[in-house]
Structure formats: C-alpha cells, structure tokens
Amino acid sequence: MTTSASVPAGSGRATLGEETVTDRLVDANHQYAAAFSDPGMDARPVLRVAVVACMDARLDLHAALGLELGDCHTIRNAGGVVTDDVIRSLTISQRALGTRSVVLIHHTNCGLESITEEFRHDLEMEVGQRPAWAVEAFRDVDQDVRQSMQRVRTSPFLLHTGDVRGFVFDVKSGLLREIDPA
C-alpha cells in the first residue's frame, strides 16, 4: 500500500516544503476538475444504503465494500459511533433521499479504545470550556457496534430500521466481521 508523503510534525501548520497540505489538496482538485465531467447523478444513493464508519484513514470504504461513486451515503466520525449528529444525517438520508439500509462499520485498533471520557476534562482544563459532546470512547468494539445498532433501531426519527447491520473491519486483513446484535 502506498501513502502520501509524510508531513512534518510539530510545526502547527502541516507543510510539505513551502507548500501546505491544503495547498497540495487544492492542486490535486484542479487536476481532478480538469478531467471531470458531470456524471449526471441524482443525490439519492443508487443502492439506497447509508454507511456509518470511523474516520480512520486506513479505511477505504469504497474499495473495501466494492462501492462506486453514487452508490451510498457515507457518514464518518471518530469511532463510527452513532451520535445525535449521525442520527440527523441518517434521518435526512432516509426521509429526504430514499435510503432504506444502514451499515455500521467500526474497526480493530481504533483510537477510541485507547482514550477515555477524561479527554473532555483535559480539554476543559486546557481551554477553559468543557465540550458539549461526549468522546464515546469504548473498550469493547463488538459491544460498541451493538450499541450503535441499537441507537439506530430505536431512533424515532428513522423510518427504516429493519435492515441495520454492524461490522468490525480488521485493519490487518481487510475483512469485515459481522456483529450479532444480541
């Protein structure tokens, strides 16, 4: 597997020589746009599925799931945890854009397994304000997937909760392991 060039740590501003990482991304967009043609797609996902997953950079969801542009809605956050904002996005996905299925993907070696809710206290001590959000740290990834499935299934805002499945992606093998909701 290849990755982008390393970014020097500690500078406060991610740079690659004189160019910032954001400059590099904008340059890449210009190259992309030069060859871009409107695919003529609707905003509604072709497969009528929403995938909720961790933001971890090791997860290439489209490749891992065999998805193409336009197939699904992808909602990502730290841990792939079903938070109020995820419910918000799923509600819009279902009610306004026609999705019917929800796939939840957590993964092995997640950073949320190594921190605690004490993270919020530390932030409060550092910046003088306690975050309104929960860290949603966990010790057992399988149990956290079950909790996320339960949050989706019991949300009064979601119309379609019959096809909700949860998985753990193994970052070493690339395989998904399905979690029994029991």
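**Close-up views of a predicted model**

By class, 5 nonpolar, 2 polar and 1 charged residues make up the lining of the largest pocket. The model shown in these views is predicted.

**View 1. The largest pocket and its lining.** This pocket holds about 160 Å³ of space. Its lining consists of Asn77, Ala78, Val81, Thr83, Trp133, Ala134, Val135 and Glu136. Nonpolar residues account for 5 of these, polar residues for 2 and charged residues for 1. Ala, Val and Trp count as nonpolar, so Ala78, Val81, Trp133, Ala134 and Val135 belong to that class. Glu counts as charged, so Glu136 is the charged residue of the lining. Asn77 and Thr83 belong to the polar class.

**View 2. The whole chain, for orientation.** The protein has 5 helices and 7 strands. Along the sequence they run β-β-α-β-α-β-α-β-α-α-β-β. The C-alpha trace spans about 50 × 50 × 35 Å along its principal axes. The protein has 182 residues, and 33% of them count as buried.

**View 3. The aromatic pair Tyr32 and Phe36.** The structure holds 1 aromatic pair. The ring centres of Tyr32 and Phe36 lie 5.4 Å apart, and their planes meet at 45°, so the pair is tilted. Planes under 30 degrees apart would count as stacked, and planes over 60 as edge-to-face. How exposed is Tyr32? Tyr32 is partly exposed, at 49% relative accessibility. Phe36 is also partly exposed, with a relative accessible area of 44%.

**View 4. Helix α5 and its buried side.** Helix α5 covers residues 141-154, which is 14 residues. From first C-alpha to last, α5 reaches 20 Å, close to the 20 Å expected at 1.5 Å a residue. Which residues of α5 are buried? They are Val141, Asp142, Asp144, Val145, Ser148, Met149 and Val152. These residues cover an arc of only 165° around the axis, which puts them on the same side of α5. An α-helix has 3.6 residues a turn, so residues three or four places apart point the same way.

**View 5. Two buried histidines, each in a strand.** His73 lies in strand β4, residues 72-77. Its relative accessible area is 17%, so His73 is buried; the cut-off for buried is under 20%. Between His73 and Val46 the C-alpha distance is 9.5 Å, with their positions 27 residues apart in sequence. His106 sits in strand β5, residues 101-107. His106 is buried too, with a relative accessible area of 1%. His106 and Trp133 are 27 residues apart in sequence, and their C-alpha atoms are 19 Å apart in space. Trp133 also lines the largest pocket.

**View 6. Positive phi at Arg48 and Asn109.** Most residues other than glycine have a negative phi. Arg48 is not a glycine, yet has a positive phi of about 55°. Where is Arg48 placed? Arg48 is in the loop between α1 (21-34) and β3 (49-54). At 42% relative accessibility, Arg48 is partly exposed. Asn109 is not a glycine either, and has a positive phi of about 55°. The loop between β5 and α4 (118-127) holds Asn109. Asn109 is partly exposed as well, at 48% relative accessibility.

**View 7. The loop between α4 and α5.** Arg139 lies in this loop. So does Ala132. Is Arg139 buried or exposed? Arg139 is exposed, with a relative accessible area of 58%. Ala132 is exposed, with a relative accessible area of 83%; the cut-off for exposed is over 50%. Arg139 and Thr116 are 23 residues apart along the chain, and their C-alpha atoms are separated by 9.1 Å. Ala132 and Ala43 are 89 residues apart along the chain, with 31 Å between their C-alpha atoms.

How values were computed: Residues numbered from 1 in each chain as written. Predicted model: local features only at pLDDT ≥ 70, side-chain atom pairs only at ≥ 80, totals over all residues. Heavy atoms only, no water. Phe/Tyr/Trp six-rings, centres within 6.5 Å; stacked < 30°, edge-to-face > 60°. Buried < 20%, exposed > 50% of the residue type's maximum accessible area, 1.4 Å probe, protein only. 1 Å grid on protein atoms, 1.4 Å probe; cavity = no way out; pocket = protein on both sides within 12 Å on 5 of 7 lines; lining within 4 Å. Points joined across faces, edges and corners; volume = space filled by probe spheres on them. Helix = DSSP H or I, 4+ residues; strand = E, 2+ residues; numbered from the N terminus. Expected span 1.5 Å × (residues − 1). Arc of directions from axis to C-beta.
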